[in-house]
Amino acid sequence: MDYRLDEIDRRIIYELMDDARNTSAPTIADAVNVSPGTIRNRIAQLEEHGIIRTYTAEIDFERAEGHLTTLYVCNAPVSERTALAREASVVPGVINVRQLMTGRRNLHVMAVGEDTEQLRRITRALSRLGIEIEDETLVESETHSPYTSFGPDEEITTSQATDVISLAGGANVVDVTVEPDAPIVDHTLEEAVEDDLLAEDSLVIAIERGDRVVTPHGTTTIRSDDIVTVLSRSGDTDTVLEAFTAEEAPRE
């Protein structure tokens, strides 16, 4: 993979899996404490890298017009499975084709027909392609759920890194969302170094600001809600985070 998911990406995927139609960028942004522009930018990246592949509607065909939905469990030669899956997907009535990493029963085909005669025509069409149908059954219902590991139990708080990548030699790369009251807010990177807000062994290598990525320079000012990528040569994540997170109020 050439794209590494962080906690923001995971939460986006969860929310879109849960209800893509009624989930907006501002809604997700509120949940993860970043800007809507950042969410829109991340969605575009997830689509560009083929992680989010498409948005589809789940239809109850029996309620729509009394149509029948059938699942065909099929066998296809492993060497021809991908090609046969493509051919099966263009058979009229076929709405889903799934390839499985197994020797038998390695192709699942979902099809919709107005009546049993139309389903028989689909069966014959699949057989003519060279697909062996091992079983077929009418589908009564289907339930989809979002992937819970990406969900709100992993909810992001701005006082923690959204991603940490360990490197050779004990170094790491940290992604952190800048809190509104963080010490570094409204400071340039030069000022942050002069005021000892940034450790000497730390280097800001990227800033994600809304729907764009800023290349950092000494005169670049850090803003609230920026997502900052920091290289820490010592690997001391806690020290890195101190500049970008707000101090906890003292307890009375």
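Two strands are taken to pair if DSSP finds at least two bridges between them, and this tour of a predicted model begins with a pair of that kind.

**First stop: β5 and β6**

Select β5 (161–166) together with β6 (172–177), which pair in the antiparallel sense over 5 bridges. Within this pair, V164 stands opposite V174 in β6, and that position is a convenient place to centre the view. Now widen the selection to the whole sheet, an open one whose 5 strands follow the order β5-β6-β9-β7-β8 with antiparallel pairing. The edge strands are β5 and β8 (212–214), each of which pairs on one side only. If you look across the sheet, neighbouring strands are turned by 20° against each other on average, when direction is ignored.

**Second stop: the nonpolar cores**

Next, show the side chains of V178, I184, L198, V204, I222, V228 and F244, which are the residues with the most contacts inside the largest nonpolar core, a set of 20 residues. Several elements each supply at least two residues of this core, namely β6, α7 (189–194), β7 (202–209), β9 (227–232) and α8 (237–244). Which helix should be coloured for the largest share of this core? That share, 4 residues, comes from α8.

Keep V204 selected and display what surrounds this residue: apart from residues up to four places away in sequence, V204 touches L189, L198, P216, V228, T229, V230 and F244. Then move to a second, separate core of 19 residues, which includes L16, V32, V34 and F150.

**Third stop: the sheet of four strands**

Select β1 (68–75), β2 (94–99) and β3 (107–113), and β4 (132–138). These form an open sheet in the order β2-β3-β1-β4, with antiparallel pairing; β2 and β4 are the edge strands, each pairing on one side only. The twist from one strand to the next averages 20°.

The individual pairings can be followed across the sheet:

- β2 and β3 run antiparallel and are joined by 5 bridges, and the bridge partner of Q99 in β3 is L107.
- β3 and β1 pair in the antiparallel sense over 7 bridges, with C74 standing opposite L107 in β3.
- β1 and β4 pair in the antiparallel sense over 6 bridges, and L71 has T137 as its bridge partner in β4.

L107 is therefore worth labelling, since L107 faces Q99 as a bridge partner and also stands opposite C74. 

**Fourth stop: the helices on this sheet**

Add α5 (81–89), which packs on the sheet and touches β2 and β3, with its direction at about 170° to that of β2. Add α6 (116–128) as well, which packs on the sheet and touches β1, β2, β3 and β4, with its direction at about 145° to that of β3.

Where around α5 do its buried residues fall, seen down the axis? The residues to mark are R81, L84, A85 and A88; viewed down the axis of α5, they fall within an arc of 105°, so they line one face of the helix. In general, an α-helix has 3.6 residues a turn, so residues three or four places apart point the same way. The buried residues of α5 pack against β2, β3 and α6.

With these elements displayed, turn to β3, where 6 of the 7 residues are buried, so that this strand is largely enclosed by the rest of the structure.

**Fifth stop: I122**

Now select I122, which is found in helix α6. Its relative accessible area is 3%, and because buried means under 20%, I122 counts as buried. Leaving aside its neighbours within four places in sequence, I122 is in contact with Y72, V91, P92, G93, V94, A111 and V112. For a distance label, take the C-alpha atoms of I122 and V112, which lie 10 residues apart along the chain and are separated by 9.0 Å.

**Last stop: D6**

Finally, select D6, in the segment before α1 (7–19). Is this residue buried or exposed? D6 has a relative accessibility of 3% and so counts as buried. Two polar contacts of its side chain can be drawn: one reaches the backbone nitrogen of D9 at 3.0 Å, and another is made with the side chain of R42 at 2.9 Å. Not counting residues up to four places away in sequence, D6 touches R42, T162, D163 and D175, and of these T162 and D163 lie within the residue range of β5, the strand at which the tour began.

Note on methods: Residues numbered from 1 in each chain as written. Predicted model: local features only at pLDDT ≥ 70, side-chain atom pairs only at ≥ 80, totals over all residues. Heavy atoms only, no water. Core = buried A, V, L, I, M, F, W, Y, C linked by side-chain atoms within 4.5 Å. Buried < 20%, exposed > 50% of the residue type's maximum accessible area, 1.4 Å probe, protein only. Contact = heavy atoms within 4.5 Å. Axes fitted to C-alpha atoms, helices over the stretch in contact; angles between N-to-C directions. Arc of directions from axis to C-beta. Polar contact = N/O pair within 3.5 Å; in protein donor to acceptor, adjacent residues only side chain to side chain.
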